[in-house]
Amino acid sequence: MARNKGNSETYVRPIRRLLIGVMLLCFIGLFILWRIDSPRVERLRAGLVDKVVPSFEWALVPVTKTIGMIENFQSYQRLYDQNQELRNELRQMQAWKEAALQLEQKNAKLLDLNKVRIDPRYTYVTGVVMADSGSPFRQSVLLNVGARDGIMDGWATMDGIGLVGRISGVGQNTARVILLTDSNSRLPVTIQPSGQRAILSGDNSIRPSLDFIETPELVRPGDRVISSGDGGVFPPGILIGQVAKGPDRRLRVILAADYERMDYLRVLRTHQSERITDPGALIIPEREDPQLEIDGVEDTDQSAEAENG
């Protein structure tokens, strides 16, 4: 076996060298043939190309397919880039659309504020809602108007439809509004058309309850609830909402103000009510000597009897 292997290697190497030499000579000959500048050689080259090249079409198929794949890949890459650009433009358009919708909503709210009819005696300041307390035990919002705008504690606030709450805490540039739904909120109201008086009590729910109604039998679901103006804290006649009966069978109020989307609030400049500055004037002064008062009464009675006699 080892001898046969050695003999085969002895014959293969010379044949391999011979083939390599022949191929090199052919390549050199072709190179020289293509480099010779002669009319005869040119005709020979043309005839050789006409005979050889058509028979090599099968060999050019992979090359053409590869070139087509490269072109298709480039076209796909261009399509992908265009698709990405369109996606980015679509995202930008969606952002602009969202901004336009927000501006439209804010514009509608401002138009609603301008359409609200209030007592001409009251002026107002419109503020932007900056923050919400977000606490389940405290219902309040923060406005960007304060003492610099003349805001004072106790002034009523409303949105484009109805009453929202009152100012409770004023800073130089901000003011806090306690909403009607807060558990610390108590508001005297009038129920129409029966004219019943009641107290709107906040309980941290979206529908505050009606307490201390004069005649509950005269109140029906759907009746309008407005501020009564009792106590001089809130202006009278401001819309609050409608009466509804809750699951607990208590009378509650469906607020007219949109508490879900409060962007702007109107603060009414309420005229200050008359204040009592001298509480001592309401107290009857005490007598120094009660016996003198009794004697004085007896002398008066005796003089009256003498005149009658």
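Q: Two strands pair if DSSP finds at least two bridges between them. In E10 of this predicted model, which residue is the bridge partner of arginine 224?
A: Strand E9 covers residues 224–227, and three bridges join it to E10. The two strands run antiparallel. Within this pairing, arginine 224 has as its bridge partner in E10 glutamine 242.

Q: How many strands are there in the chain?
A: The chain has 309 residues, of which 25% are buried. Its secondary structure consists of four helices together with strands, and the number of strands is 12.

Q: In what order do six strands close into a barrel?
A: The pairing in this barrel is antiparallel. From one strand to the next, the twist averages 45 degrees. The order of the six strands is E1-E2-E5-E4-E3-E12.

Q: In E5, which residue is the bridge partner of arginine 166?
A: Strand E4 spans residues 163–170 and strand E5 spans residues 175–179. They pair in the antiparallel sense over four bridges. Arginine 166 is matched in E5 by isoleucine 178.

Q: Which residues does glycine 171 touch, not counting residues up to four places away in sequence?
A: Glycine 171 is placed in the loop between E4 and E5. Its relative accessible area is 25%; because buried means under 20% and exposed over 50%, glycine 171 is partly exposed. Arginine 148 is 23 residues from glycine 171 in sequence, and their C-alpha atoms are 8.5 Å apart. Beyond its sequence neighbours, glycine 171 touches Gly146 and Ala147.

Q: Is strand E11 largely enclosed by the rest of the structure or largely open, and how many of its five residues are buried?
A: Strand E11 comprises residues 251–255. The strand is largely enclosed by the rest of the structure, because the number of its five residues that are buried is four.

Q: In E11, which residue is the bridge partner of glycine 241?
A: Strand E10, residues 239–245, runs antiparallel to E11. Five bridges join these strands. Glycine 241 has as its partner in E11 leucine 255.

Q: Is arginine 249 buried or exposed, and what is its relative accessible area?
A: Arginine 249 lies in the loop between E10 and E11, a hairpin with five residues between the strands. Most residues other than glycine have a negative phi. Arginine 249, although not a glycine, has a positive phi of about 70 degrees. The residue is exposed, as its relative accessible area is 62%.

Q: What is the phi of asparagine 204?
A: Asparagine 204 lies in the loop between E7 and strand E8 (209–211). With a relative accessible area of 24%, asparagine 204 is partly exposed. Although it is not a glycine, its phi is positive, at about 65 degrees.

Q: Which residue does a cis peptide bond join to glutamine 192?
A: Most peptide bonds are trans. Here the bond is cis, with omega about 10 degrees. The partner lies in the loop between strand E6 (186–192) and strand E7 (196–201). Joined to glutamine 192 is proline 193.

Q: At what distance from the ring centre of tyrosine 124 does arginine 266 lie?
A: The structure holds zero aromatic pairs. A charge does lie over a ring, as arginine 266 is placed over the face of tyrosine 124. The distance from the ring centre is 3.9 Å.

Key:
Residues numbered from 1 in each chain as written. Predicted model: local features only at pLDDT ≥ 70, side-chain atom pairs only at ≥ 80, totals over all residues. Heavy atoms only, no water. Buried < 20%, exposed > 50% of the residue type's maximum accessible area, 1.4 Å probe, protein only. Phe/Tyr/Trp six-rings, centres within 6.5 Å; stacked < 30°, edge-to-face > 60°. Lys NZ or Arg CZ within 6 Å of the ring centre and 35° of its normal. Axes fitted to C-alpha atoms, helices over the stretch in contact; angles between N-to-C directions. Contact = heavy atoms within 4.5 Å.
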